[in-house]
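This report describes a two-chain model, starting with local features and ending with the chains as wholes.

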Amino acid sequence: MKPVSIVEGRCVPLDRSDVDTDQIIPSDWLKRVERTGFGRGLFGEWRDDPDFVLNHQEYAGATILIAGPRFGTGSSREHAVWALMDYGFEAIIAPSFGDIFKNNSSKQGLVTVVLDARDVDELNHLIKEEPARLVIVDVEHLRVEVPEVGWQRQFALDPMTRQRLLNGWDDIGITMRREDAITHYESSSLAPTLEGIFDDAGHVR
Amino acid sequence: MTARTLFEKIWDEHVVASPEGEATLLYIDLHLVHEVTSPQAFDGLRLNGRTVRRPDRTLATADHNVPTDPMSVPIKDPISRRQLEVLEENCAQFGITLFPRGHENQGIVHVIGPELGVTQPGMTIVCGDSHTSTHGAFGSLAFGIGTSEVEHVLATQTLPQQMAKSMSVTVEGEVPVGVSAKDIALAIVGRLGTGGGTGHVIEYRGEAIRNLSMEGRMTVCNMSIEAGARAGLVAVDETTIEYLRGRPGVPSGEEFEGAAQRWRSFTSDPDAVFDAAVTIDAASLTPFVTWGTNPAQVVALDGTIPDFDLMSDPDQREATERALAYMGLESGTPVRDISVDVVFIGSCTNSRIEDLRAAAGVAGGHHVAPNVRALVVPGSHRVKKQAEDEGLDQVFLQAGFEWREPGCSMCLGMNPDTLSPGQRCASTSNRNFEGRQGRGGRTHLVSPVVAAATAIKGRFATPDELIA
């Protein structure tokens with residue numbers, strides 16, 4: 001994945017709690033075998049509504065989404081991350097995230113920033129007041145800033161995720177360097193394999 | 001030695017490496033694969049010239065998008081058809097055992113693992129599906145992963161993981177008559193909320209859990225993710241071992257007894273300490289139904305739709321108001337007065353033989369209400385065949401239910417089984433999210449017996465209402 005150290009851009013305030021991954025990308029889109037083109041399906045159930053915040057002209061071109069608590073709960077579909085990124089989002093700020101979504105985001109370079117609910121409210125307020133305000137998410141210094149008004153908050157990110165984002169590391173490549181340890185583990189594993197259970201056509205022998 | 005939780009024991013047994021300052025590299029014993037979250041992962045392997053490290057620890061089935069029409073009806077949707085073909089091509093290329101549509105072992109991935117006996121205690125099991133937590137019922141550490149992680153497991157049979165916290169959810173005492181495993185699951189999700197289990201692995205404990213069959217335990221573990229927990233598990237006991245005895249994936253004779261002896265160690269030590277603990281009084285449970293658009297929005301079937309005006313927290317008030325508007329419901333309406341258009345009995349939560357027996361036991365001798373469409377979708381071909389051997393298909397058909405081919409079906413509406421906008425469905429599945437079962441569809445999560453009684457009455461009902 002591409003390294004990410006700073007996301008700089010405008011925000012969209014998505015004032016909703018419990019936005020699950022079915023809302024982010026409806027299941028109809030999951031039939032596709034490609035990894036691209038999911039942006040058109042983003043928030044599919046809501047996009048037809050002209051009042052939906054993503055359709056507001058003043059938020060066009062935003063790269064940071066400000067969401068409510070428990071963003072990305074539910075289904076494990078990484079398609080949710082692909083859809084957000086394909087649409088143009090590079091960072092999501094919320095009081096909390098679904099575990100699998102947060103993990104999937106880190107594998108794709110989508111920055112998930114957890115701030116206190118009160119800080120998210122403040123940020124929402126600043127953006128609604130002036131949608132053109134520039135916001136900076138600094139992964140290197142773990143800081144969110146609205147430079148125009150001098151608003152600044154620190155955020156936490158586990159050190160591994162931060163390193164991975166900053167360096168754009170490929171997890172699989174890193175793990176493969178531990179080939180010896182994996183082979184050693186396998187040599188003493190007691191867990192059964194599927195060996196001998198099924199024939200070539202998948203029938204039980 | 002320090003007392004350990006079941007989760008810690010399984011974790012410790014699977015550590016490949018735990019380098020200072022890095023995530024632990026965890027070995028994965030079994031990787032279950034399906035058509036929806038795998039194609040991009042296989043593409044990734046090809047792109048990087050990588051292969052599947054352990055095809056003998058990888059098992060694939062078609063489930064999410066398969067139509068539930070008979071095999072003689074071709075798949076109309078070219079995109080669905082293509083996805084299933086791609087799964088077949090990928091499994092053939094990388095030497096992975098696959099159960100394609102119509103195969104005798106095909107079914108929902110979380111139904112076939114246990115019924116084939118390839119889900120076993122103490123294992124680490126992953127799948128690109130959040131309901132992988134189901135397999136935790138066997139005292140295994142099982143969790144859902146995204147497609148990048150699917151690719152990682154395919155290539156290395158391992159995953160870098162941060163250790164989660166542990167939470168015990170104890171359901172004390174015996175549940176009242178008429179309360180099923182699904183009601184226990186809904187009660188737990190209602191109590192914890194959609195985020196209560198985030199960052200935790202839940203161990204379900206207590207008399208009410210011990211008294212459940214393996215299928216009931218799977219129902220409870222299945223919905224762990226609805227409370228935000230990636231995994232939920234139940235300690236191994238004789239119920240676990242007797243369920244596994246004689247299944248294709250387990251050894252036989254003395255070798256089985258040896259395995260069983262090892263499995264019995266997969267329990268938490270008596271003085272193990274959990275990071276969080278929740279206790280629920282089983283006697284307080286009752287049949288439940290969800291009223292809103294997330295699975296924690298639960299109310300007793302005897303209850304009424306909540307009143308958002310009475311809520312003091314503005315966020316909760318707004319979320320409730322939004323959910324009720326979507327669901328087309330008025331505060332204060334008695335649940336039993338709400339009529340339904342569709343009833344769906346199926347999904348990885350409730351599509352196993354005991355679920356079908358329970359539903360058939362309620363439906364037998366009655367008929368589905370006029371204007372209600374009721375579908376029964378067995379979890380697998382094995383479940384379907386067993387149900388047919390027991391004559392359950394005839395019970396359902398005579399009662400006016402549709403008896404369909406196995407798959408995920410209307411749980412997530414990726415196949416043609418979907419709700420139309422505004423349709424209201426009593427569903428034995430696990431998610432009532434907006435549009436989950438079809439755009440504009442309204443989902444209420446219930447147990448199999450409540451679903452069956454509701455189909456007969458045409459409105460939310462419990463089986464006792466059918467006894468005239």
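In this predicted model, strand 7 (residues 143–146) and strand 8 (residues 151–154) of chain A run antiparallel and are joined by 4 bridges. Within this pair, A:Val146 stands opposite A:Trp151 of strand 8 of chain A. The two strands form a hairpin with 4 residues between them, and A:Gly150 in this hairpin has a positive phi near 70°.

A:Leu142 lies in the loop between strand 6 (135–138) and strand 7 of chain A. The phi of A:Leu142 is positive, near 50°, although the residue is not a glycine. A:Leu142 has 14 other C-beta atoms within 10 Å and is therefore partly exposed, since the partly exposed class falls between 12 or fewer neighbours (exposed) and 20 or more (buried).

Chain B offers a parallel case in B:Asn371, a residue other than glycine with a positive phi near 70°. B:Asn371 is found in the loop between helix 12 and strand 16 of chain B. With 9 other C-beta atoms within 10 Å, B:Asn371 is exposed.

Strand 16 belongs to an open sheet of 5 strands in chain B, with the order 17-16-15-18-19 and parallel pairing. Strand 17 (402–403) and strand 19 (442–445) of chain B are at the edges with a single partner strand each, so one side of each has no neighbour in the sheet. Strand 15 (residues 342–345) and strand 16 (residues 373–376) of chain B run parallel and are joined by 4 bridges. In this pairing B:Phe344 stands opposite B:Leu375 of strand 16 of chain B. Helix 15 (residues 448–457) of chain B packs on the sheet, where it touches strand 15, strand 16 and strand 18 (424–427) of chain B. The direction of helix 15 makes about 150° with that of strand 15 of chain B.

Helix 13 (residues 381–389) of chain B has the buried residues B:His381, B:Arg382, B:Val383, B:Lys384 and B:Ala387. These buried residues pack against helix 4 (109–115), helix 12 (353–363) and helix 14 (392–398) of chain B. After helix 13 of chain B comes B:Gly391, with a positive phi near 80°.

Another loop of chain B, between strand 14 (298–300) and helix 11 (314–327), holds B:Asp309. B:Asp309 counts as exposed because it has 10 C-beta neighbours inside 10 Å. B:Asp309 and B:Asn350 are 41 residues apart along the chain, and their C-alpha atoms are separated by 35 Å.

The largest nonpolar core has 191 residues, and those with the most contacts inside it are A:Ile64, A:Ile66, A:Ile93, B:Val343 and B:Ala363. Helix 6 (residues 181–192) of chain B gives the most to this core, with 8 residues. In soluble globular proteins, nonpolar side chains tend to be buried together. Leaving aside residues up to four places away in sequence, A:Ile66 touches A:Cys11, A:Val12, A:Pro13, A:Leu14, A:Ile93, A:Val120, A:Leu123, A:Asn124 and A:Ile127.

How many residues of each chain are in contact with the other chain? The contact involves 52 residues of chain A and 66 residues of chain B. On the side of chain A that touches chain B, helix 1 (21–24), helix 3 (99–108), helix 5 (159–167), helix 6 (171–176) and helix 7 (179–188) of chain A each supply at least two residues. Helix 3 of chain A gives the most to that side, with 6 residues. By class, this side of chain A has 18 nonpolar, 17 polar and 17 charged residues.

The table lists values for each chain.

| Item | Value |
|---|---|
| Chain A, secondary structure | 7 helices and 8 strands |
| Chain B, secondary structure | 15 helices and 19 strands |
| Chain A, C-alpha span along principal axes | roughly 65 × 40 × 25 Å |
| Chain B, C-alpha span along principal axes | about 60 × 55 × 50 Å |
| Chain A, buried residues | 42% of 205 residues |
| Chain B, buried residues | 61% of 468 residues |

In chain A, residues 24 or more positions apart account for 69% of the contacts with a separation of 6 or more. For chain B, 76% of the contacts between residues at least 6 apart in sequence join residues at least 24 apart.

Key: Residues numbered from 1 in each chain as written. Chains lettered and ligands numbered in written order. Core = buried A, V, L, I, M, F, W, Y, C linked by C-beta atoms within 7 Å. Contact = placed C-beta atoms within 7 Å. Nonpolar A, V, L, I, M, F, W, Y, C, P; charged D, E, K, R; others polar. Pairing = 2+ DSSP bridges. Axes fitted to C-alpha atoms, helices over the stretch in contact; angles between N-to-C directions.
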